[in-house]
Amino acid sequence: MPEYFITRQRKNEIKDIVIDIMRKSDIHALPVKINNVLKSYNIRCIKMDKIAPRTSQKAAAASDDGYIIKSGDEYIIVYNPKHSRQRIRYTLACQLAHIFLGHISEGKSDKATDVEAAYFADELLMPLSVLDSYGDRSAKDIAKRCDVSFVAARIREKDFVRRDKYKKVNGETPYDIKFLNCFFADDEENK
């Protein structure tokens with residue numbers, strides 16, 4: 001068993017949060033526009049090379065990709081501009097996860113929160129039901145459609161195996177339908 005396992009209940013909580021974010025941020029297409037989310041929630045981003053380096057050991061470990069600065073009720077995501085656009089998008093999604101999943105307010109930072117953040121980022125940037133509806137199931141197609149790295153897309157591609165087994169017996173999940181509605185609700189209304 002993996003070091004940290006996300007329960008079905010927690011996965012559903014994360015999906016509910018992602019769907020709410022998509023609705024509030026007017027997300028209706030892939031690739032997801034991270035800037036829409038940032039603007040909707042008044043979260044700023046700063047390139048790492050534009051601020052003074054952090055000196056704490058914890059910050060140094062987290063600083064290669066990105067980290068969060070909390071100032072009062074506001075959040076600032078600091079990211080590494082030397083990485084590819086695709087990696088930056090994934091980093092921003094993971095940092096958003098830490099904010100929206102309460103990891104920052106609870107002061108949590110461990111393997112469990114990182115696993116939850118990656119799950120959140122996958123659901124936000126690469127929703128399986130939406131990818132499936134486009135026929136984008138290969139890592140190459142996922143990477144292109146979602147503007148994510150091939151590595152992230154390859155990991156997400158493997159999630160189709162689990163989804164296909166479930167879907168064969170049970171059909172679309174309520175969450176699949178909610179994700180599809182975020183992206184295709186206007187299509188149904190215009191018929």
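User: Let's start with Lys178: with which residue does Lys178 form a salt bridge?

Analyst: Happy to help. The general idea is that side chains of opposite charge can pair when their charged atoms come close. In this predicted model, Lys178 forms a salt bridge with Asp16, and their closest N and O atoms are 3.7 Å apart. Lys178 belongs to helix α9 (residues 174–189) and Asp16 to helix α1 (residues 8–24), so the pair ties together parts that are 162 residues apart in sequence.

User: Is Lys178 buried or partly exposed?

Analyst: Lys178 is partly exposed, at 31% relative accessibility. Asp16 is partly exposed too, with a relative accessible area of 31%.

User: How many salt bridges does the structure hold?

Analyst: There are 17 salt bridges in the structure. One of them joins Glu123 and Arg156, with the closest N and O atoms 3.1 Å apart. Glu123 sits in helix α5 (residues 111–125) and Arg156 in helix α8 (residues 150–170), so this pair ties together parts 33 residues apart in sequence. Both Glu123 and Arg156 are buried.

User: Which residues are linked in a network of salt bridges?

Analyst: The network links Asp132, Arg137, Arg163, Asp164, Lys167, Glu172 and Asp176. Take one pair from it: Asp132 forms a salt bridge with Lys167, the closest N and O atoms being 3.4 Å apart. Here distant parts of the chain are linked, since Asp132 lies in helix α6 (residues 128–134) and Lys167 in helix α8, 35 residues apart. Asp132 is buried, with a relative accessible area of 17%, whereas Lys167 is partly exposed at 28%.

User: Now the sheet. In what order do the three strands stand?

Analyst: To read a sheet, follow the strands from one edge to the other. The order is β1-β3-β2, in an open sheet with mixed pairing. At the edges are β1 (44–47) and β2 (66–71), each with a single partner strand, so one side of each is left without a neighbour in the sheet. On average, neighbouring strands are turned by 25 degrees against each other, direction ignored.

User: In which sense do β2 and β3 pair, and over how many bridges?

Analyst: β2 and β3 (residues 74–79) pair in the antiparallel sense over six bridges. You can find Gly66 opposite Tyr79 in β3.

User: Which helix packs on the sheet?

Analyst: Helix α4 (residues 85–100) does, touching β1, β2 and β3, and its direction makes about 150 degrees with that of β3.

User: Lastly, how many disulfides does the structure hold?

Analyst: The structure holds zero disulfides. As for individual cysteines, Cys146 is buried at 0% relative accessibility, and Cys182 is buried at 4%.

Technical notes:
Residues numbered from 1 in each chain as written. Predicted model: local features only at pLDDT ≥ 70, side-chain atom pairs only at ≥ 80, totals over all residues. Heavy atoms only, no water. Pairing = 2+ DSSP bridges. Helix = DSSP H or I, 4+ residues; strand = E, 2+ residues; numbered from the N terminus. Axes fitted to C-alpha atoms, helices over the stretch in contact; angles between N-to-C directions. Contact = heavy atoms within 4.5 Å. Disulfide = S-S within 2.5 Å. Buried < 20%, exposed > 50% of the residue type's maximum accessible area, 1.4 Å probe, protein only. Salt bridge = Lys/Arg side-chain N within 4 Å of Asp/Glu carboxyl O.
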